[in-house]
Amino acid sequence: IKALRASPSPTGVLEETGMSVPQSPGVLQPSRVTTLILRGLPRRCMVHDVVIEIEAVVPRHAWDFVSVPWGSQRTANLGFAFVNLITPEFAEALRLGLHGRNWRHCG
């Protein structure tokens, strides 16, 4: 069983921690996370802006899904995005590459 828990980031760019529930009682251990929540997204960012930011860190073939939820009035996004990467290694590379980084291509 895999549980994902988003935790606040001091810089607000992204933070995702993965925990796997062991078969026997004990301490939770890191899992093989491939989905990240990108937090602190400027409200004017669109999907293509997020894709440009992602591709500045990992190659196009490293991810297979990006979603930027928008508010009910469709005037601004909700301040976060979901990205699914094809391997845990690409997910970690993206997490490290975007953490603390300013969004350069939004607007």
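The following dialogue examines how the terms applied to this predicted model are justified.

Modeller: Residues are numbered from 1 along each chain as its sequence is written, and side-chain values use heavy atoms, with hydrogens and water left out. Local features of this predicted model need pLDDT of at least 70 and side-chain atom pairs count only at pLDDT 80 or more, while totals for chains, interfaces and linings use all residues.

Biologist: What makes β5 and β6 a pair of strands?

Modeller: Strands are DSSP runs (E, at least two residues), numbered from the N terminus, and two of them pair if DSSP finds at least two bridges between them. Four bridges join β5 to β6 (residues 80-85), and the two run antiparallel; the criterion is therefore met. Phe 65 stands opposite Asn 84 in β6.

Biologist: Why are β4 and β5 called edge strands?

Modeller: The open sheet has three strands in the order β4-β6-β5, with antiparallel pairing. β4 (35-39) and β5 (63-67) each pair on one side only.

Biologist: How do you know that helix α1 packs on the sheet?

Modeller: Helix α1 (residues 47-55) touches β4, β5 and β6, where contact means heavy atoms within 4.5 Å. The direction of α1 makes about 140° with that of β5; axes are lines fitted to C-alpha atoms, for helices over the stretch in contact, and angles run from 0 to 180 degrees between N-to-C directions.

Biologist: Which residues outside its own stretch of sequence does Val 50 touch?

Modeller: Leaving aside neighbours within four places in sequence, Val 50 is in contact with Leu 38, Leu 41, Val 66, Val 68 and Ala 81.

Biologist: What makes Phe 80 and Phe 82 an edge-to-face pair?

Modeller: Rings of Phe, Tyr and Trp (its six-membered ring) pair if their centres lie within 6.5 Å; planes under 30 degrees apart count as stacked, over 60 as edge-to-face and the rest as tilted. The centres of Phe 80 and Phe 82 are 5.5 Å apart, with 85° between the planes, so the pair is edge-to-face. A search of the whole structure finds one aromatic pair.

Biologist: Why is Phe 82 called partly exposed?

Modeller: Buried means under 20% relative accessible area, exposed over 50%, and partly exposed in between (1.4 Å probe, protein chains only). Phe 82 has 31%, so the intermediate class applies; Phe 80, at 25%, is also partly exposed.

Biologist: What is unusual about the phi of Arg 74?

Modeller: Most residues other than glycine have a negative phi. Arg 74 is not a glycine, yet has a positive phi of about 60°. Arg 74 is found in the loop between β5 and β6 and is exposed, with a relative accessible area of 61%.
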